[in-house]
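Biologist: Please take a close look at one side-chain contact in this model. Start from that contact and work outward to whatever surrounds it, keeping to what can be checked by eye.

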Amino acid sequence: MKSSLELDHIVLATRDLERTSAWLSDVAGVVPGPGGPHVDRGTRNQLVALGSGAYLELIGPDPAQSEPTAPRPFGIDALTSPGVVAWCARTTDMAGFLDALAGEEPHYTPPVAMSRQAPGGLLSWTLTLPATDNPGGVVPFVIDWGDTPHPADTTEAALSLLDVAVVHPDPPALAATFERLGVSIDLVAGRWPGVRVIVRGPAGEVVLPRGRVG
């Protein structure tokens with residue numbers, strides 16, 4: 001692919017958003033900022049800016065909503081422990097991104113328009129997901145924010161992103177996929193695929209856990 005994608009955000013999923021937010025506040029010294037509900041999906045989020053236009057999204061069930069008709073995203077309902085489960089890359093041309101991948105792997109789903117009510121107003125975006133099995137969330141889903149203010153610019157909570165890397169048993173194979181996507185991210189060898197994230201806050205350096213599914 002000819003265009004390039006940037007890191008947009010990292011997804012830390014949990015079955016108890018308040019507890020996970022309190023944990024991060026304790027170990028990093030930063031209280032995540034308010035996000036908002038994902039209506040009809042049964043989730044809500046909290047945010048922490050990471051610098052360079054990226055942010056950390058904590059996402060979990062929203063007790064103010066009724067049970068959704070479909071499973072919550074990111075395998076939240078099956079989590080046995082909270083942690084990083086996916087990462088998102090940003091494009092400013094969703095149609096161009098998908099057109100450039102036509103007929104090639106990895107395959108992506110048709111883009112879906114989404115929105116949520118944030119403290120500062122309505123946020124809108126389009127989203128596309130990897131269409132095939134994606135253990136560890138190593139292949140990014142892709143977002144286009146259009147004219148919406150970026151969440152990383154609207155949250156006061158902030159941590160320093162010291163390291164982000166995709167872990168995979170076969171880094172060269174995944175590197176070829178990332179080249180087609182126009183993604184630049186560190187790749188390291190490891191038995192279990194996933195996303196390694198290290199951040200630093202006033203309370204110190206933290207290696208974010210990887211989410212586990214039972």
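**From one contact outward**

Modeller: The side chains of D163 and R196 are joined by a polar contact of 2.9 Å. All of this comes from a predicted model. D163 sits in strand 10, which covers residues 160-168. Its relative accessibility is 18%, so D163 counts as buried, the limit being under 20%. Leaving out residues up to four places away in sequence, D163 touches D186, R196, V197 and I198.

V197 leads on to the nonpolar interior. The largest nonpolar core has 36 residues, and V197 is among those that touch the most other members, together with L56, W87, F97, F178, L181 and L208. Another core lies apart from it, with 19 residues including A13, L79, W125 and A152. As a general point, nonpolar side chains in soluble globular proteins tend to be buried together.

Next come the aromatic rings. The model has 4 aromatic pairs. One of them is F74 with F141, a tilted pair with 5.6 Å between the centres and 50 degrees between the planes. This pair links distant parts of the chain: F74 is in the loop between strand 4 (54-61) and strand 5 (79-81), F141 is in strand 9 (residues 141-144), and the two are 67 residues apart. F141 is buried, with a relative accessible area of 5%, whereas F74, at 27%, counts as partly exposed. F97, already named in the largest core, forms an edge-to-face pair with Y108, at 5.4 Å centre to centre and 80 degrees between the planes. Here too distant parts of the chain are linked, F97 being in helix 2 (residues 94-101) and Y108 in the loop between helix 2 and strand 7 (112-118), 11 residues apart. F97 and Y108 are both buried.

F74 deserves a second look. Its phi is near 65 degrees, a positive value in a residue other than glycine. D40 has a positive phi as well, about 70 degrees, and is not a glycine. D40 is in the loop between strand 2 (33-38) and strand 3, and its relative accessible area of 67% makes D40 exposed.

F74 also belongs to the largest pocket, which has a volume of about 1000 Å³. The pocket is lined by 47 residues, and P73, F74, G75, A86 and L129 are the closest to its centre. At least two lining residues come from each of strand 3, strand 4, strand 6 (83-90), strand 7, strand 8 (121-128), strand 9 and strand 12 (194-201).

Strand 3 (residues 43-51) holds R44. The side chains of R44 and E18 are joined by a polar contact of 3.0 Å. Neighbours within four places in sequence aside, the residues in contact with R44 include L17, E18, H38, L58, I59 and D62.

L58 gives a way to place E105. The two are 47 residues apart in sequence, and their C-alpha atoms are 29 Å apart in space. E105 is in the loop between helix 2 and strand 7 and is exposed, with a relative accessible area of 53%. P106 lies in that loop between helix 2 and strand 7, and the peptide bond from E105 to P106 is cis, with omega near 0 degrees.

Conventions. Residues numbered from 1 in each chain as written. Heavy atoms only, no water. Core = buried A, V, L, I, M, F, W, Y, C linked by side-chain atoms within 4.5 Å. Buried < 20%, exposed > 50% of the residue type's maximum accessible area, 1.4 Å probe, protein only. Phe/Tyr/Trp six-rings, centres within 6.5 Å; stacked < 30°, edge-to-face > 60°. Helix = DSSP H or I, 4+ residues; strand = E, 2+ residues; numbered from the N terminus. Polar contact = N/O pair within 3.5 Å; in protein donor to acceptor, adjacent residues only side chain to side chain. Contact = heavy atoms within 4.5 Å. 1 Å grid on protein atoms, 1.4 Å probe; cavity = no way out; pocket = protein on both sides within 12 Å on 5 of 7 lines; lining within 4 Å. Points joined across faces, edges and corners; volume = space filled by probe spheres on them.
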